[in-house]
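User: I would like to learn how to read a model of a protein with DNA. Please take me through the features in turn.

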Protein chains: 2
Amino acid sequence: MATGMVRQMSAKQRVADVVEALREEKFNARRIELAEAALATLGELGYARTSLREIAQKSEFTHGVFHYYFADKLDLICCCVRHYKAKCVTRYDDVSATARSRDELLEGFSAKLAETLRDDASMHRLWYDLRSQALFEDAFRGDVLEIDQSLENMVWRIASRYAELGGKTPVVSPGVLYALFDGLFQRYLLKHLADDPRAIPDLVAEVRRLLPSIC
Amino acid sequence: MATGMVRQMSAKQRVADVVEALREEKFNARRIELAEAALATLGELGYARTSLREIAQKSEFTHGVFHYYFADKLDLICCCVRHYKAKCVTRYDDVSATARSRDELLEGFSAKLAETLRDDASMHRLWYDLRSQALFEDAFRGDVLEIDQSLENMVWRIASRYAELGGKTPVVSPGVLYALFDGLFQRYLLKHLADDPRAIPDLVAEVRRLLPSIC
DNA sequence: CGTTTCCTTGGACAATTGTCAAAATTAATT
DNA sequence: AATTAATTTTGACAATTGTCCAAGGAAACG
């Protein structure tokens with residue numbers, strides 16, 4: 001009888017847990033929906049010029065909803081950053097997975113780089129903007145450092161695969177390699193946004209020259 | 001008589017010109033005073049969180065003065081950026097001018113780098129912040145691109161002097177070299193501001209390893 | 001079906017923002 | 001010394017901001 005009671009209770013408990021999990025999942029899905037909408041406006045205007053109300057106005061949601069799902073503005077932005085990460089960090093993985101030769105990998109990588117600069121410029125300027133905010137705001141630092149690490153890993157996967165296909169090993173550390181590519185991308189992103197038509201081809205040319213000399 | 005008139009007029013004109021020039025110089029000196037005060041607050045809070053009124057409150061000036069000397073907020077920030085450039089761009093020049101050997105130059109450069117990271121972190125985070133703003137705001141782009149170019153030149157002066165002292169030439173272009181050092185500095189600046197005690201020594205170690213392998 | 005919980009709306013609120021202008025003060029000129 | 005010009009102060013202004021809340025509606029549940 002006592003065990004029956006216990007079993008019944010724990011069954012109830014299990015059901016409640018599942019229900020709770022579903023609720024939380026739904027809650028989280030909505031958060032991501034909202035974060036996605038926020039990212040569009042943030043990418044267009046940048047962190048400094050974006051207010052919660054303008055995010056709401058440029059989306060299908062009211063500003064009240066954002067306050068219901070996020071404690072405050074920082075909470076929203078943090079969620080945006082985290083969500084952005086997931087989309088960004090595996091961007092080049094299929095390139096290095098499918099490439100069968102050094103040339104193919106270099107070709108695929110630089111093509112993808114060009115595509116990124118052309119099509120996702122506003123998402124990447126937002127990334128640089130938010131990373132700069134992390135220099136001032138503690139709350140961003142953890143997420144930003146984590147994303148930076150993930151990007152470093154991604155670049156390293158490309159580079160070490162490229163070296164492997166040539167029977168070599170990269171001559172620099174993952175950190176240095178990431179700093180180099182990050183610095184380059186940032187530079188050509190600025191030029192591209194300043195309507196320099198040579199930005200994309202120059203970046204591609206630079207990478208094509210650089211990668212074989214490093215890996 | 002006619003020539004006398006003309007001579008008199010042009011003398012008057014010259015005096016007026018000098019007076020006008022003095023007035024403008026004074027006006028400009030005041031602008032720089034104000035920009036200097038603004039830079040302190042901007043470096044502390046970052047672009048997004050800094051308002052004209054807070055700049056004024058944290059300085060000895062009233063907010064009205066800023067409006068008297070600057071057309072608007074953008075004008076003030078642009079003046080700040082330009083003024084910042086002049087202070088920053090010659091930072092490492094005496095190092096490469098006085099160094100008599102490769103080792104001395106490398107030593108001096110990495111020491112100066114460490115000092116910069118330690119003492120001027122907030123000015124440099126402001127630089128990265130403003131450069132990110134240039135990704136969104138046209139008005140900043142010209143100045144930012146110009147400063148970027150000046151910094152690239154500065155890095156190149158160091159590197160080519162270092163190579164020269166070893167009878168070599170750098171193996172990468174000025175642009176790539178700047179991208180590398182810029183990316184590295186940005187990275188370790190973030191770590192340093194996140195209270196990572198290894199940030200400064202790690203940056204120094206990285207540069208000491210890197211520079212001889214490139215130049 | 002009724003009730004309770006969850007979600008959404010839209011407005012109210014105080015605080016802050018950039019901008020401007022009319023006085024007050026100071027410096028320059030005659 | 002008197003007048004003119006330049007500089008600074010101070011307060012007002014409308015617009016925008018993040019935050020909070022009360023009411024209504026939808027959905028889940030017994």
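Analyst: We will go from the single chain to the interface, the DNA and a few residues. Keep in mind that this is a predicted model.

User: How many helices and strands does chain A have?

Analyst: Start with the secondary structure elements in their order. Chain A has 10 helices and zero strands, so the pattern along the sequence reads α-α-α-α-α-α-α-α-α-α.

User: What radius of gyration does chain A have, and what would a compact globule of 215 residues have?

Analyst: The way to read a radius of gyration is to set it beside the value for a globule. Such a globule would be near 17 Å, whereas chain A has 22 Å. Along the principal axes, the C-alpha atoms of chain A fill a box of roughly 75 × 45 × 30 Å. Of the 215 residues in chain A, 33% are buried. Among contacts in chain A with a separation of 6 or more, 63% are between residues 24 or more positions apart.

User: Which domains does the assignment give for chain A?

Analyst: Read the bounds, then the distance, then the contact. The assignment gives domain 1 (2-72) and domain 2 (89-214). Between the C-alpha centres of these two domains of chain A there are 32 Å. Five residues from domain 1 and six residues from domain 2 make the contact. On the domain 1 side, the residues are two nonpolar, two polar and one charged.

User: Now the interface. How many residues of chain A are in contact with chain B?

Analyst: Count the residues on each side, then ask which elements carry them. Here 27 residues of chain A are in contact with 27 residues of chain B. On the chain A side, α7 (121-133), α8 (138-165), α9 (174-193) and α10 (199-214) each supply at least two residues. The most come from α9(A), with 10 residues. By type, the chain A side has 17 nonpolar, four polar and six charged residues.

User: What turn and shift lay chain A on chain B?

Analyst: For two copies, look at the angle, the shift along the axis and the RMSD. A turn of 180 degrees with a shift of 0.0 Å along the axis lays chain A on chain B with an RMSD of 0.0 Å. That is the relation of a two-fold axis. The copies meet through the same surface, because 100% of the interface residues of chain A are also interface residues in chain B.

User: Which residues come nearest to DNA strand C?

Analyst: With DNA, take one strand at a time and note which chain each residue belongs to. Around DNA strand C there are 18 residues, and the nearest are A:T62, A:G64, B:S51, B:L52 and B:D72. At least two residues of this surface come from each of α1 (2-45) and α3 (63-69) of chain A, and from each of α2 (52-57) and α3 (63-69) of chain B. The surface near DNA strand C has six nonpolar, six polar and six charged residues.

User: And which residues are closest to DNA strand D?

Analyst: DNA strand D is surrounded by 19 residues, of which A:S51, A:L52, A:D72, B:T62 and B:G64 are the closest. Two or more residues come from each of α2 (52-57) and α3 of chain A, and from each of α1 (2-45) and α3 of chain B. The element that gives the most is α3(B), with four residues. The surface near DNA strand D divides into six nonpolar, seven polar and six charged residues.

User: What is the phi of A:D195?

Analyst: Most residues other than glycine have a negative phi. A:D195 is not a glycine, yet its phi is positive, near 65 degrees. A:D195 sits in the loop between α9 and α10 of chain A and is exposed, with 9 other C-beta atoms within 10 Å. In chain B, B:D195 also has a positive phi, about 65 degrees, and lies in the loop between α9 (174-193) and α10 (199-214). B:D195 is exposed, again with 9 other C-beta atoms within 10 Å.

User: Is A:D129 buried or exposed?

Analyst: Count the C-beta neighbours: 20 or more within 10 Å make a residue buried. A:D129 has 25 inside 10 Å, so A:D129 counts as buried. A:D129 is part of helix α7 of chain A. Leaving out residues up to four places away in sequence, A:D129 touches A:G46, A:Y47, B:S132 and B:L135. The C-alpha atom of A:D129 is 12 Å from that of A:F140, with the two residues 11 apart along the chain.

Technical notes
Residues are numbered from 1 along each chain as its sequence is written. Chains are lettered from A and ligands numbered from 1 in the order in which they are written. This is a predicted model: local features need pLDDT of at least 70, side-chain atom pairs count only at pLDDT 80 or more; totals for chains, interfaces and linings use all residues. Two residues are in contact if their C-beta atoms, placed from the backbone, lie within 7 Å. Ala, Val, Leu, Ile, Met, Phe, Trp, Tyr, Cys and Pro count as nonpolar, Asp, Glu, Lys and Arg as charged, and the others, Gly among them, as polar. Copies are superposed by least squares on the C-alpha atoms of residues with pLDDT of at least 70 in both. A residue is near a molecule or strand if its C-beta atom, placed from the backbone, lies within 6 Å of it. The radius of gyration is taken over C-alpha atoms; the globule rule is 2.2 Å times the number of residues to the power 0.38. A residue is buried if 20 or more other C-beta atoms lie within 10 Å of its own, exposed if 12 or fewer, and partly exposed in between; C-beta atoms are placed from the backbone. Domain bounds come from an automatic or database domain assignment.
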